[in-house]
Amino acid sequence: MESIIPGLVAALSAGAIAAGKDLGGAALKDAYGAIKKLIADRYKKAGNAVEALEEDPDSELEQQVLEKRLETENAGGDTELADLARALLEALSDLKDEPQAQALFDFKTLEAKGAFILDDIQASGTVLKADDATFSGDFKATNIRQKN
């Protein structure tokens with residue numbers, strides 16, 4: 001039987017990203033919470049690795065550490081864990097149609113030294129998202145339309 005661990009870690013990483021951005025509904029939050037709880041309860045050594053991955057879900061190192069700990073605790077054949085991972089992946093796949101899940105321009109940090117101009121854009125959902133933005137010059141957004 002093939003190990004579920006690589007897919008599980010990928011699902012957890014994507015779930016942590018979605019949860020951190022407050023995306024998805026109750027199904028995603030429930031599925032993500034259930035997987036975290038099962039790992040913390042059943043695979044004690046991996047619990048801290050899940051928390052570390054949640055802090056930095058894009059970190060390949062944190063993903064590798066979690067994979068290693070789950071492998072060490074023989075979680076690869078856990079059918080309940082596999083079912084929870086499938087539920088989480090289904091909830092994550094539902095996000096693809098949510099407009100807030102996809103920004104046209106998505107920056108962690110944005111610093112514009114000169115004029116920053118957005119013009120003549122038709123988009124569905126979020127046009128510009130930045131966790132931290134600094135504009136030294138003009139910021140101008142004109143003729144921005146939402147697609148139906």
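The protein chain exposes about 9,100 Å², of which carbon and sulfur atoms supply 48%; accessible areas come from the Shrake-Rupley method with a 1.4 Å probe, and for residues only the protein chains shown count as cover. The model is a predicted one, in which local features need pLDDT of at least 70 and side-chain atom pairs count only at pLDDT 80 or more, whereas totals for chains, interfaces and linings use all residues. Residues are numbered from 1 along each chain as its sequence is written, and side-chain values use heavy atoms, with hydrogens and water left out.

Of the 148 residues of the protein chain, 31% count as buried, a term that stands for under 20% relative accessible area, with exposed meaning over 50% and partly exposed in between (1.4 Å probe, protein chains only). The protein chain has five helices and four strands, arranged along the sequence in the pattern α-α-α-α-α-β-β-β-β; helices (H or I, at least four residues) and strands (E, at least two) are DSSP runs numbered from the N terminus. Among contacts between residues at least 6 apart in sequence, 56% join residues at least 24 apart, where contact means heavy atoms within 4.5 Å.

The largest nonpolar core, a set of buried Ala, Val, Leu, Ile, Met, Phe, Trp, Tyr and Cys residues joined through side-chain atoms within 4.5 Å, has 29 residues, and those with the most contacts inside it are Leu-12, Ile-39, Leu-66 and Leu-70. Two or more residues come from each of α1, α2, α3, α4 and α5 (79–93), and α1 gives the most, with seven residues. Leu-12 touches Tyr-32, Ile-35, Lys-36, Ile-39, Val-50, Leu-53, Leu-66 and Leu-88, not counting residues up to four places away in sequence.

Helix α2 (residues 26–42) and helix α3 (residues 44–55) pack at an angle of about 145°, with their axes 6 Å apart; the axes are lines fitted to C-alpha atoms, for helices over the stretch in contact, and angles run from 0 to 180 degrees between N-to-C directions. To this contact α2 brings Tyr-32, Lys-36, Ile-39, Ala-40, Asp-41 and Arg-42, while α3 brings Lys-44, Ala-46, Gly-47, Val-50 and Glu-54. The buried residues of α3 are Ala-46, Gly-47, Ala-49, Val-50 and Leu-53, and these pack against α1 (5–20), α2 and α4 (60–72).

Three further residues are set side by side below.

| Residue | Location | Relative accessibility |
|---|---|---|
| Ala-11 | helix α1 | 0%, buried |
| Asp-78 | loop between α4 and α5 | 9%, buried |
| Glu-90 | helix α5 | 52%, exposed |

Ala-11 is in contact with Leu-88, Leu-89 and Leu-92, leaving aside its neighbours within four places in sequence, and its C-alpha atom is separated by 8.6 Å from that of Arg-86, 75 residues apart along the chain. For Glu-90, the C-alpha atom is 9.3 Å from that of Ala-31, the two residues being 59 residues apart along the chain.

Asp-78 counts as buried because its relative accessibility is 9%. Its side chain is joined to that of Tyr-43 by a polar contact of 2.5 Å, a polar contact being a pair of N or O atoms within 3.5 Å, of which, within protein, one must be able to donate a hydrogen and the other to accept it, with residues adjacent in sequence counting only if both atoms are side-chain atoms. A polar atom of the Asp-78 side chain also lies 3.0 Å from the backbone nitrogen of Glu-80.
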